[in-house]
Amino acid sequence: YGQELLGDNYTQVRYEDLLERPEEEAKRLLEFLGADTSETVVKWCVESSSFEVRAGRKPGDENYTLGFGKQRKGIAGDWKNVFTERDKDIYKNEAGDLLVELGYEKDHDW
């Protein structure tokens, strides 16, 4: 209900869009915030927040060495490798309709 409640003060951010078009999405979000959208700033935002910089490894690479168990891979859809059946049931109950509405899932059979 974000758009309905907040109007022009709302924007949607999709992780998949950030992965596929990082510069375009960063610029869109900076514009939404009324911030500097120069090429230099956009490039700095994308580079400094990249998975490689934050995690110290390439997307898709797993890391078990930090002592915290398995670390996330930084790729879209990896939740399917992490969620248990119970996790899926809870998430379907809480957000299943929204996932379908936003196009993340076709129906509730996931």
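Arg 28 and Glu 25 both belong to helix 3, which covers residues 22-33. They stand 3 residues apart, about one turn of the helix. In this predicted model, the two side chains form a salt bridge whose closest N and O atoms are 2.8 Å apart. Are the two partners buried or exposed? Arg 28 is partly exposed, with a relative accessible area of 27%. Glu 25 has a relative accessibility of 5% and counts as buried, because buried means under 20%.

A pair with the same spacing occurs in helix 7, residues 85-101: Lys 88 and Glu 85 are also 3 residues apart, about one turn of the helix. Lys 88 forms a salt bridge with Glu 85, and the closest N and O atoms are 3.7 Å apart. Here Lys 88 counts as buried, at 17% relative accessibility, whereas Glu 85 is exposed, with a relative accessible area of 54%.

How many salt bridges does the structure have? The count comes to 6. Three of them are listed here, including the two described above.

| Basic residue | Acidic residue | Closest N and O atoms |
|---|---|---|
| Arg 28 | Glu 25 | 2.8 Å |
| Lys 88 | Glu 85 | 3.7 Å |
| Arg 14 | Asp 17 | 3.8 Å |

The bridge between Arg 14 and Asp 17 belongs to a wider group. Arg 14, Asp 17, Glu 20, Arg 21 and Glu 24 are linked in a network of salt bridges. Within this network, Asp 17 is found in helix 2, which covers residues 15-20. Asp 17 counts as buried, at 16% relative accessibility. Leaving aside neighbours within four places in sequence, Asp 17 is in contact with Pro 22 and Glu 25. Glu 25 is thus a contact of Asp 17 as well as the salt-bridge partner of Arg 28.

Arg 14 also has an aromatic neighbour. Besides its salt bridge with Asp 17, Arg 14 lies over the face of Tyr 104, at 4.2 Å from the ring centre.

The next topic is the aromatic rings. A pair of aromatic rings is described by the distance of the centres and the angle of the planes. The structure holds 3 aromatic pairs. In one of them, the rings of Trp 79 and Phe 83 have centres 5.2 Å apart and planes at 65 degrees. Why is this pair called edge-to-face? The angle of 65 degrees is over 60, so the pair falls in that class.

Phe 83 takes part in another pair, with Tyr 91: the ring centres are 5.8 Å apart and the planes stand at 75 degrees, so this pair is edge-to-face too. The three residues in these two pairs are partly exposed. The relative accessible area of Trp 79 is 21%, while Phe 83 has a relative accessibility of 27% and Tyr 91 one of 38%.

Which residues make up the aromatic cluster? Trp 79, Phe 83, Tyr 91 and Trp 110 form one cluster. Trp 110 also has a charge beside it in the model: the charged end of Lys 92 sits over the ring of Trp 110, 5.2 Å from its centre.

Terms used: Residues are numbered from 1 along each chain as its sequence is written. This is a predicted model: local features need pLDDT of at least 70, side-chain atom pairs count only at pLDDT 80 or more; totals for chains, interfaces and linings use all residues. Side-chain values use heavy atoms; hydrogens and water are left out. Rings of Phe, Tyr and Trp (its six-membered ring) pair if their centres lie within 6.5 Å; planes under 30 degrees apart count as stacked, over 60 as edge-to-face and the rest as tilted. Buried means under 20% relative accessible area, exposed over 50%, partly exposed in between (1.4 Å probe, protein chains only). A charge sits over a ring if NZ of Lys or CZ of Arg is within 6 Å of the ring centre and within 35 degrees of the ring normal. Helices (H or I, at least four residues) and strands (E, at least two) are DSSP runs, numbered from the N terminus. Contact means heavy atoms within 4.5 Å. A salt bridge is a side-chain nitrogen of Lys or Arg within 4 Å of a carboxyl oxygen of Asp or Glu.
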